[in-house]
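Trainee: Got a minute to walk through this one with me? I'd like to start with the aromatic rings.

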Amino acid sequence: MKYILMMNCPKNGYDSFGSWPKKDIQAHIGFMMGFAKSLRESGNLVSAEGLASPLEAKIVRAGTDGAPVTDGVFPESKEFLAGYWIVDVETTEQAHAIAARASAAPGPGGAPMNMAIEVRQVMSGPPDDLL
């Protein structure tokens, strides 16, 4: 089963991250790189990406003529998607255990951040009862 593990960041998180001491930023990035490497080596990693700052985000819709219409950035948002992992595991419990490992990434002073990681199953198609 595939699951997406989504790491959200509070609105002020991008600014505060940049103000951490350099050694703490390097420790956090090193943890994330090592975490992805361990998932890759275990065969559980399908994909993982960090996302650019929400200041670069736009909402896109099709206009009446089909041309893209953009809107944003939305500073009133409370949280933004910072990055994600897609993992392939045998059980939901394995996905939760992997999410807990990601949650414990080090923050300032090396203390675990205990970030909330949203875990959702990646569906291969619509549920049978809807077809």
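Mentor: Sure. Rings of Phe, Tyr and Trp, taking the six-membered ring for Trp, pair if their centres lie within 6.5 Å; planes under 30 degrees apart count as stacked, over 60 as edge-to-face and the rest as tilted. Keep in mind that this is a predicted model.

Trainee: How many aromatic pairs does the count come to by this rule?

Mentor: The count is 3 aromatic pairs. One of them joins Phe 35 and Trp 85, with 5.4 Å centre to centre and 90° between the planes. That geometry is edge-to-face.

Trainee: Where in the chain do Phe 35 and Trp 85 sit?

Mentor: Phe 35 is in helix H2 and Trp 85 is in strand E5. They are 50 residues apart, so the pair links distant parts of the chain.

Trainee: Is Phe 35 buried or exposed? And Trp 85, buried or exposed?

Mentor: The cut-off for buried is under 20% relative accessible area. Phe 35 has 4% relative accessibility, so Phe 35 counts as buried. Trp 85 has 5%, so Trp 85 is buried as well.

Trainee: Which residues do ring pairs link into a cluster?

Mentor: Phe 31, Phe 35 and Trp 85.

Trainee: What else is Trp 85 in contact with, leaving aside neighbours within four places in sequence?

Mentor: Its contacts include Tyr 3, Ile 4, Leu 5 and Met 7. Met 32, Phe 35 and Leu 39 are also among them. So are Leu 45, Ser 47, Ala 48, Ala 102 and Ile 117, to finish the list. Take Leu 45: the C-alpha atoms of Trp 85 and Leu 45 are separated by 7.3 Å, with their places 40 residues apart along the chain.

Trainee: OK, the core. Which residues have the most contacts inside the largest nonpolar core?

Mentor: Leu 5, Met 7, Leu 39, Trp 85, Val 87, Ile 98 and Ile 117. The core has 19 residues. E1, H2, E5 and helix H3 (92-103) each give two or more residues to this core. In soluble globular proteins, nonpolar side chains tend to be buried together.

Trainee: Let me back up. What is the order of the elements from the N terminus on?

Mentor: They run β-α-α-β-β-β-β-α-β. That is 3 helices and 6 strands. The C-alpha trace spans about 50 × 40 × 20 Å along its principal axes. The protein has 131 residues, and 26% of them are buried. Take contacts between residues at least 6 apart in sequence: 73% of these join residues at least 24 apart.

Trainee: Give me an example from strand E1.

Mentor: Met 6, which is in strand E1. Its C-alpha is 5.5 Å from that of Ile 117, though the two are 111 residues apart in sequence. Beyond residues up to four places away, Met 6 touches Leu 81, Gly 83, Tyr 84, Ala 116, Ile 117, Glu 118 and Arg 120. Met 6 has a relative accessible area of 12%, so Met 6 is buried.

Trainee: Next topic, pockets. How much space lies in the largest pocket?

Mentor: About 530 Å³. There are 23 lining residues, and the closest to the centre are Met 7, Phe 17, His 28, Met 32 and Ala 82. Strand E1 (2-10), helix H1 (13-18), helix H2 (22-42), strand E2 (45-50) and strand E5 (79-88) each give two or more residues to the lining.

Trainee: How many of the lining residues are nonpolar, polar and charged?

Mentor: The lining divides into 16 nonpolar, 6 polar and 1 charged.

Trainee: Speaking of charge, is Asp 24 buried or exposed?

Mentor: Buried, because its relative accessibility is 7%. Asp 24 is found in helix H2. Leaving aside neighbours within four places in sequence, Asp 24 is in contact with Gly 107, Pro 108, Gly 109 and Gly 110.

Trainee: Last one. What is phi of Asn 114 near?

Mentor: Near 50°, a positive value in a residue other than glycine. Most residues other than glycine have a negative phi. Asn 114 lies in the loop between H3 and strand E6 (117-121).

Trainee: And is Asn 114 buried or exposed?

Mentor: Exposed, because Asn 114 has 57% relative accessibility.

How values were computed: Residues numbered from 1 in each chain as written. Predicted model: local features only at pLDDT ≥ 70, side-chain atom pairs only at ≥ 80, totals over all residues. Heavy atoms only, no water. 1 Å grid on protein atoms, 1.4 Å probe; cavity = no way out; pocket = protein on both sides within 12 Å on 5 of 7 lines; lining within 4 Å. Points joined across faces, edges and corners; volume = space filled by probe spheres on them. Helix = DSSP H or I, 4+ residues; strand = E, 2+ residues; numbered from the N terminus. Nonpolar A, V, L, I, M, F, W, Y, C, P; charged D, E, K, R; others polar. Core = buried A, V, L, I, M, F, W, Y, C linked by side-chain atoms within 4.5 Å. Buried < 20%, exposed > 50% of the residue type's maximum accessible area, 1.4 Å probe, protein only. Contact = heavy atoms within 4.5 Å.
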